Structures are given as C-alpha cells and as structure tokens.
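Biologist: I am new to this structure and would like to know what the labels attached to it rest on. Please take me through them one at a time.

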Amino acid sequence: MQLLIKNGCILTSSGEFTGDILVEGEKIAAIGSNLQITADRVIDASGMYVLPGGVDQHTHYAGLNTDGVTLSAGYETSYGALIGGTTTLVEFAANEPGMGIIESLDYRKNVRAKGKVSPDFAMHALCTNIRPDLCDEIEKLPEYGVSTLKLFMAYKPTALYTDDGVLFKAMRAAAKVGVTMYVHAENADLLNLLRDEEFEQGHTEPCYHYQTRPPFVEAEAVQRAIILAKAAKCPLCVVHVTCKEAAEIIREERLRGAPVVGETCTHYLVLDQKRMDDPDFMVASRYVCSPALRTQEHRDYLWRALAKGDLDIVASDHSGIPLTQKIWGKDDFRKIPNGCPGTGDRLQMLWTYGVETGKITRQRLVEIFSEIPAKMNGIFPRKGILQVGSDADIVLYDPRYRGICTLETNPSGVEYNLFEGMEQIGRVETVLLRGNVVVENNKYVGVPGYGQFIPGKAYGMAYDLL
C-alpha cells in the first residue's frame with residue numbers, strides 16, 4: 001500500500017522545506033517537492049509541520065517504583081504516547097524478582113509488554129538487586145539488542161542503590177562491548193541525612209521532598225559519575241538533569257573531552273517546585289519525582305543548555321503512579337512514591353514553551369525529541385529521522401491550534417495529567433507508525449498492542465565522544 005503526505009512543511013534537524021513524503025508499506029520510499037504519484041491514500045498536510053516520530057528514551061511502564069512495591073500504569077495505557085507524537089519508547093526493564101538482567105529483559109519483552117505496547121519500543125537494562133554475575137551479563141547485552149544500562153546512585157538502602165565500586169566495575173564491563181551507562185545521579189547518603197532530619201522535626205508534607213533534595217546533592221553525584229566514567233573509558237548519559245549546577249558540570253566536562261551526554265525532562269522545563277506547596281496533599285503529591293522540581297532560575301538555564309547543545313535530550317521519565325498509591329505518603333513525605341506521567345506531553349510542551357517562545361528552534365526540537373535519543377540508543381536511522389529507507393514514523397503537527405492541556409485530550413494512563421490547565425499551542429493531528437495511521441484528528445485509531453521491539457545496536461552516539 002502507498003500513502004502520500006502532501007504539502008507539509010517537513011522539519012529536519014538541519015532545515016525545513018515544503019514537500020511530500022511517499023510511504024510504501026512500513027518505510028519511507030521518497031521525499032521531494034510535488035511528487036507526481038498516484039497513491040492509495042493521500043493526506044493533505046497543508047499548514048502543518050511534518051516531523052519524525054518522537055523517541056522517548058526514558059519511560060517506566062508496569063514497573064516497580066523506588067519502594068519496590070508501587071506499580072506504575074501498564075503498557076495498555078501506552079497509546080497516550082502516540083497521541084502526543086511519540087512513536088518509540090525506550091523502556092527501562094528492571095530486574096524481575098529472582099531474575100538477572102538478561103532473563104528480565106526476555107520476560108519484559110515476551111510477557112509484560114508483548115501484545116500490549118502500542119508504540120514501538122526498545123529497552124534499557126535496569127539493574128536492581130545486584131548479583132555477582134552482573135558484569136558477565138552486561139557483556140551479553142548487545143546480543144539481546146540492548147545497548148544501554150542504567151544504575152541508581154540514590155535510594156540507599158533499597159535494591160535500586162548501587163555503590164561506587166559496583167558502578168565502576170559495571171562501567172568497565174560496559175565499555176568492553178559498546179554499552180552506554182545511564183545513571184540516576186543523587187548522593188544517597190546526603191539525601192537520607194536531609195530527609196530524616198526534616199521528618200524527625202515533624203515535617204511530613206510533600207514540600208519537604210524538594211527541600212531535602214537540593215541541587216548540590218544532584219551536582220555532587222553527577223561530578224562523581226563523570227569521574228568514574230572517564231576512568232573506566234565508558235560513555236555516560238546522566239538522566240533527568242534538573243539544575244544549573246549539574247548542567248554546568250556536564251558542559252565543563254564535555255569541554256575537557258568527557259564522553260558524557262545530558263538528558264532533562266519535560267516537567268523540569270515547565271513546572272515549578274512550588275507545586276508541592278499546595279495544601280491539598282492529593283494535588284501536591286502528584287508532583288513528587290526525583291530529582292525534585294526546581295525554580296525558574298534552573299528552568300531558564302536548562303532551556304539555554306538545550307539550545308546550546310550542553311544538554312541533548314528531552315525525555316519524559318514517564319511513571320504513571322495513581323493517586324491511590326501516592327496517598328501512601330500522606331503522613332510521611334519520604335513514602336510518597338516518586339514519579340510523574342508525561343510521555344504523551346513532550347511535543348506540545350516543547351513546542352509551546354520552547355519553540356513558540358524562541359528558546360529553541362524547530363530544528364533543535366527535532367534533535368532533542370527524536371534524532372539524538374534514537375542515536376543514543378542504537379536505533380538510528382531506523383528511527384528518529386525522515387529519510388528514505390527509515391521506518392515511516394511520521395507526525396503531522398498543526399501549529400494553528402490553541403487550547404489547554406487536559407487529561408481528556410492528553411491521556412496519561414492515570415487519573416491526572418501533570419500539565420493540566422497549561423496553555424498549549426499546536427497539537428498532533430496525525431501520526432503514522434511504520435506506515436500505519438494510528439492517530440487521526442488527535443484521536444487514537446490504532447490497534448492496541450501494535451508496537452514491535454526494536455533492537456538497539458551497541459556503540460551508540462556517546463561513543464563518538466571518546
């Protein structure tokens with residue numbers, strides 16, 4: 001079957017032009033101006049921008065949370081990503097109980113996710129419950145189509161925590177086979193000290209979450225992770241960078257030749273930490289995530305870092321935790337499950353608060369939304385770009401739309417949307433996933449569970465920095 005997209009403004013990371021895209025089967029067959037082809041279906045994209053489907057490299061569906069108990073919204077809710085223009089998820093596959101990382105990846109792909117994921121998906125290994133054979137398993141990851149591994153420097157003494165010795169050994173093993181290390185960088189000991197001090201003084205409200213996770217706790221761990229990565233000669237991606245201090249360290253270390261890439265997230269760009277000051281616990285708790293939301297000063301710096309290339313990726317860190325679980329921390333902010341939904345909101349938030357305000361260009365949006373995360377995870381150029389031979393993952397975005405973000409229009413998988421009531425300029429009108437129309441008129445029309453596993457190749461983009 002042939003499908004022809006006509007008269008759209010085609011966005012790439014290097015420019016834009018009015019043109020047409022021919023899709024044959026699941027692939028892009030031709031791109032040009034005024035293509036004279038009789039196709040089975042023609043979509044008129046006049047007045048719209050045409051860009052590659054988004055790659056969200058940081059999602060947690062159906063995954064155990066930091067308390068080892070909370071379960072985030074399942075893969076059956078992942079269609080919301082498509083409504084927001086994200087066609088590929090890169091999902092963190094945490095260790096299943098009693099399993100190592102390889103067995104857990106198989107279980108995630110063939111049991112938890114199979115037949116349930118609506119977008120395509122790749123996977124990160126996410127090691128919890130450190131086992132003696134960790135390094136041996138790391139060296140096998142590329143055979144299973146996984147080119148990244150995440151470890152946590154926070155959450156001591158839970159099963160998520162990784163000490164510096166294990167982290168360094170894992171980095172050396174990863175470097176042998178072209179696996180990129182991802183880290184959640186916060187100083188675990190300082191966090192425990194600060195949080196316990198506040199609780200012991202009778203401070204239990206959600207606002208103490210951000211007050212006990214100050215920027216220096218994040219920055220110290222970022223610096224330490226980069227030092228270890230340089231010594232191990234292992235490329236590093238620091239995920240969910242939230243503050244000026246951490247972003248400055250990444251910029252300075254890259255200037256010195258460190259192979260480090262920084263990721264931030266949608267909510268750190270557009271939401272203020274004072275959302276957790278709301279006297280209604282059920283409102284304040286939904287904004288509890290780690291690292292914590294910051295002030296306007298930090299948000300402004302993150303936008304500048306993205307524009308200049310000091311940070312390279314905007315992900316969602318999607319974790320749809322229902323309010324029935326958030327309430328577990330009603331009397332102790334330390335027990336509020338960490339995590340926020342948002343994989344379906346990246347594009348419209350980046351467009352509204354980045355492109356429309358002049359903070360980033362449309363070309364930079366394509367890079368941070370699609371192209372660079374695809375490169376980081378070894379799925380480029382199959383994903384993340386509009387070019388002949390790539391998967392026909394295509395988004396038509398209408399910049400003329402004016403509205404507000406709501407749960408109804410932007411489903412999150414749980415009973416709230418993090419960006420509810422915020423202004424939204426433009427919206428996704430049509431989405432193709434491997435040549436199939438899955439979103440039409442901003443409504444999901446695809447087949448649930450249509451998503452396929454996309455294997456990632458080793459030696460992703462971060463290795464180019466070595």
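Modeller: What follows is a set of questions and answers on a predicted model.

Biologist: How many helices and strands does the chain have?

Modeller: The chain has 14 helices and 17 strands. Its C-alpha trace spans about 70 × 50 × 45 Å along the principal axes.

Biologist: How do you know whether the radius of gyration agrees with that of a compact globule?

Modeller: The rule is 2.2 Å times the number of residues to the power 0.38. For 466 residues this gives a value near 23 Å, and the chain has 21 Å, so the two agree. As for burial, 63% of the 466 residues are buried.

Biologist: Why is His240 called buried or exposed?

Modeller: Buried means under 20% relative accessible area. His240 has 2% relative accessibility, so it counts as buried. His240 sits in the loop between strand E11 (236-238) and helix H8 (244-255). Its phi is near 35°, a positive value in a residue other than glycine.

Biologist: What makes Val437 buried or exposed?

Modeller: With the cut-off at under 20%, Val437 is counted as buried because its relative accessibility is 19%. Val437 belongs to strand E16. Between the C-alpha atoms of Val437 and Val447 the distance is 9.9 Å, and in sequence the two are ten residues apart.

Biologist: And what makes Arg402 buried or exposed?

Modeller: Exposed means over 50%. Arg402 has 53% relative accessibility, so it counts as exposed. This residue is in strand E14. Arg402 and Ala62 are 340 residues apart along the chain, and their C-alpha atoms are separated by 33 Å.

Biologist: Let us turn to one helix. How do you know whether the end-to-end distance of H14 agrees with its number of residues?

Modeller: Helix H14 covers residues 362-376, which is 15 residues. At 1.5 Å a residue, the helix should span 21 Å; its end C-alpha atoms are 20 Å apart, so the distance agrees.

Biologist: Where is the kink in H14 centred?

Modeller: The kink is centred on Ile368 and amounts to about 45°. That angle is taken between axes fitted to the seven residues ending there and the seven starting there.

Biologist: What makes H14 a mostly covered helix?

Modeller: Twelve of the 15 residues of H14 are buried. Among them are Arg364, Ile368, Phe369, Glu371 and Met376. After H14 comes Gly378, with a positive phi near 70°.

Biologist: Which peptide bond in the loop after H14 is cis?

Modeller: The bond joining Phe380 and Pro381 is cis, with omega about 5°. Pro381 is in the loop between H14 and E14. A cis peptide bond also runs from Lys156 to Pro157, where omega is near 10°. Pro157 lies in the loop between strand E9 (148-152) and helix H4 (164-177).

Biologist: How do you know where empty space is left?

Modeller: A probe the size of a water molecule is rolled over the atoms, and this shows where empty space is left. In the whole structure, the search finds five cavities of 30 Å³ or more. The largest cavity has a volume of about 100 Å³. It is lined by 13 residues, and those closest to its centre are Gln348, Thr409, Asn410, Gln424 and Asn442.

Biologist: Which elements give two or more residues to that lining?

Modeller: They are helix H1 (79-83), strand E14 (394-404) and strand E15 (423-433). E15 gives the largest share, three residues. By type, the lining of the largest cavity has four nonpolar residues, eight polar and one charged.

Biologist: Why is Asn442 called buried or exposed?

Modeller: Asn442 has 11% relative accessibility, so it counts as buried. Asn442 lies in the loop between strand E16 (436-440) and strand E17 (443-444). Its phi is positive, near 65°, in a residue other than glycine.

Biologist: What lines the second largest cavity?

Modeller: The second largest cavity holds about 50 Å³ of space. Its lining includes Pro52, Val55, Arg382, Lys383, Asp391 and Asp393. The residues of this lining divide into three nonpolar, four polar and four charged.

Technical notes:
Residues are numbered from 1 along each chain as its sequence is written. This is a predicted model: local features need pLDDT of at least 70, side-chain atom pairs count only at pLDDT 80 or more; totals for chains, interfaces and linings use all residues. Side-chain values use heavy atoms; hydrogens and water are left out. Helices (H or I, at least four residues) and strands (E, at least two) are DSSP runs, numbered from the N terminus. The expected span of a helix is 1.5 Å times one less than its number of residues. Buried means under 20% relative accessible area, exposed over 50%, partly exposed in between (1.4 Å probe, protein chains only). On a 1 Å grid over the protein atoms alone, a cavity is a set of points where a 1.4 Å probe fits but cannot get out, and a pocket is an open set with protein on both sides within 12 Å along at least five of seven lines; lining residues have an atom within 4 Å of a point. Grid points are joined across faces, edges and corners, and a volume is the space filled by probe spheres set on the points. Ala, Val, Leu, Ile, Met, Phe, Trp, Tyr, Cys and Pro count as nonpolar, Asp, Glu, Lys and Arg as charged, and the others, Gly among them, as polar.
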